[in-house]
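This report walks through one protein chain, from single buried positions to the surface. Keep the coordinates open while reading.

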Amino acid sequence: MAETSDSKLATDTAAKASDGASILASNDDSATVDDKLDEAEIFLRQHNLSPKLLRRIDMTVLPLLCVTYMLQYVDKQALSYAAVFDLFTDAHINGTQYSWFPSIFYLAYLLAEYPWSYLAQKTQLAKVAGVCIMMWGSVLMLTAASHDFIGMAVCRFLLGVFEAPITTVFVMIVAQWYTRQEQPFRAGAFYSCNGLGSMVGGILTYGIGQIGGSFPVWKSIFLMLGGVTALWGIVIVLFLPDSIISARRFSVDEKAALIGRARPTRPQIHLLFHFMLLNATINGGVANFGKLNIKGVVSDPFKTVLLGIPQGAFSVFWILSGTFLASRFKNVNTLVMPLYLVPTVVSVLMMWLMDRKTQAVGVLFGYYLCGSFVTSLVLCMQMRAMNLGGYTKRMTGTAAVFLAICVGNIVGPHAFLDEEAPTYATGCKVILGCCAGQLVVAMMLRWLLISRNKQRDAMAEDSVSATAKMGEIDAAVVEVTDQTDFENPKFRYVL
């Protein structure tokens, strides 16, 4: 009986959302094409979201995404927190072996991301994410039992496997619930929780370290953070909707209106791939060696943890301000992306060239500034989601972009050579080169998308009467028929 009810609800909702599409597809001789288009337009325009309903979406979906992303960052950084204490001594590892841990993590991420994404799209997004969260929390707790490089490496590999679907699933969820204009800031909201996680993780690590006793601090970090994450996975399974149709807090009419809001299109995947590859290479180094850079300024591990906390606040500011600009102003994504690389360039020069004894404050401030590049990554990820149409092309685009993220994060840590600590001159040079490369790619992407939009405008002028008849039909028609950007002449690429 419950199955029948769910099926009826899904049928009713899909019928309402695809009303415009069914009108277009109908061969009913009693109505002209013009009349059908008008009916579709009327239905979709009558279901514009009120601010109250939009706020309800934000309160239903975003908090769950934000807390999860915060925990993911804290758990991923647990290794760098542990490295500040006695991890190297107790686990019998050196700096070179340590640099392999993030590479192992992202190698597993690379192998597991596509299968998880496929499973999530074919089954239930939230349930897949929730189970993976519980599993990665369990793996993090098991890390405390490791006592050598092999054990740590196995745990990092499994952690990469179970964290792999989270970002992809969350991008899908944001694209499902929000319009293209709303997506950048919402994606920025949950991604900025990386910065929040940096602050929370630093505070928790400092608090754990104050407990005292003979039990190693680094093991306590893994056990407590892993336990919290495993419990949060249960919350995700119970409360995060798998789709608009299965969401409990919305009526059938509201669900129909929500389904009709998505407007998928297609990006230039090759350029986005290279941008993400360069950006992820920076992240692979900064995320894993940033706190060791601070350790070169102060020797006390507790001070190292505390001094790293402000960097999280800066990250929140960079991401929220950048994504707000991208949402507030039209077609500025490819301008904000290179703009937010500038503070990273400045910060790397400060950390590389300033003396750690006489200019320690400058080195620390440079570390705080360096996280601005993550804003460019968020916008690039969301451009893929906003400019991609058709199921197969979405899957291909997702695989390409996350392949770039994994490869970059595998390569990045190896530019930070153990013998160059704490300045890591080679790593700084690599970051500067990656920033320069991203600037070039962003400008190429903007030029290419502008050119394609102009081509479509010219084509539209040649068939202005047909365009006028089409009216402002929203994306429900495109979404239900699973059209790509080339099959849908009305869309324009987001720049």
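## A buried glutamine

Gln72 counts as buried, because its relative accessibility is 2% and the cut-off for buried is under 20%. The model is a predicted one. Gln72 sits in helix α4. Its side chain makes a polar contact with the side chain of Glu163, at 3.3 Å. Which residues beyond four places in sequence are in contact with Gln72? They are Trp136, Glu163, Ile166 and Thr167. Glu163 therefore appears both as a contact of Gln72 and as its polar partner.

## The chain as a whole

The fold is built from helices: 23 of them, with zero strands. The chain has 495 residues, and 56% of them count as buried. Among contacts with a separation of 6 or more, 84% are between residues 24 or more positions apart. The exposed area of the chain is about 20600 Å². Carbon and sulfur atoms supply 65% of that area.

## The largest nonpolar core

The largest nonpolar core holds 131 residues. Six of its members touch the most others: Leu65, Leu87, Ile173, Trp177, Phe190 and Tyr191. Which helix gives the most to this core? Helix α4, spanning residues 51-84, does so with 18 residues.

Phe190 shows what such a member touches. Beyond its sequence neighbours within four places, Phe190 is in contact with Leu65, Cys66, Tyr69, Phe170 and Val174. Leu65 is thus a contact of Phe190, and both residues are on the list of members that touch the most others.

## Salt bridges

How many salt bridges does a search of the whole structure find? The search finds two. The first to consider joins the side chains of Arg186 and Asp58, with an N to O distance of 2.9 Å. Arg186 belongs to helix α10 (residues 183-191) and Asp58 to helix α4. The two are 128 residues apart, so this pair links distant parts of the chain. Both Arg186 and Asp58 are buried.

The other pair is Asp242 and Lys127, whose closest N and O atoms are 2.8 Å apart. Asp242 lies in the loop between α12 and α13 (252-259), and Lys127 lies in helix α7 (residues 125-143). The pair therefore ties together parts that are 115 residues apart in sequence. Is Asp242 buried or exposed? Asp242 counts as buried, because its relative accessibility is 11%. Lys127 is partly exposed, because its relative accessible area is 28%.

## Three more buried positions

The residues tabulated here each lie in a helix.

| Residue | Helix | Relative accessibility |
|---|---|---|
| Thr205 | α11 (residues 193-209) | 1% |
| Gly226 | α12 (residues 217-239) | 0% |
| Met386 | α19 (residues 373-386) | 1% |

Gly226 counts as buried. Its C-alpha is 4.1 Å from that of Gly137, although the two are 89 residues apart in sequence. Gly226 touches Gly137, Leu140 and Met141, with residues up to four places away left out.

Thr205 counts as buried too. What does Thr205 touch, not counting residues up to four places away in sequence? It touches Tyr81, Phe85, Ile221 and Val305.

Met386 is also counted as buried. Between Met386 and Val494 the C-alpha distance is 7.4 Å. In sequence, Met386 and Val494 are 108 residues apart.

## A nonpolar patch on the surface

Now the outside. Six residues make a nonpolar surface patch of about 520 Å²: Leu107, Leu111, Ile150, Val154, Phe157 and Leu158. The elements that give two or more residues to it are α6 (95-122) and α8 (149-163). Which element gives the most to the nonpolar patch? The answer is α8, with four residues.

Leu107 is one of the patch residues, and its place is in helix α6. Leu107 counts as partly exposed, because its relative accessibility is 39%.

Key
Residues numbered from 1 in each chain as written. Predicted model: local features only at pLDDT ≥ 70, side-chain atom pairs only at ≥ 80, totals over all residues. Heavy atoms only, no water. Core = buried A, V, L, I, M, F, W, Y, C linked by side-chain atoms within 4.5 Å. Buried < 20%, exposed > 50% of the residue type's maximum accessible area, 1.4 Å probe, protein only. Contact = heavy atoms within 4.5 Å. Polar contact = N/O pair within 3.5 Å; in protein donor to acceptor, adjacent residues only side chain to side chain. Patch = residues over 30% accessible without salt bridge, like charges linked within 9 Å, V, L, I, M, F, W, Y side chains within 5 Å. Areas by Shrake-Rupley, 256 points an atom, 1.4 Å probe, with all protein chains shown as cover. Salt bridge = Lys/Arg side-chain N within 4 Å of Asp/Glu carboxyl O.
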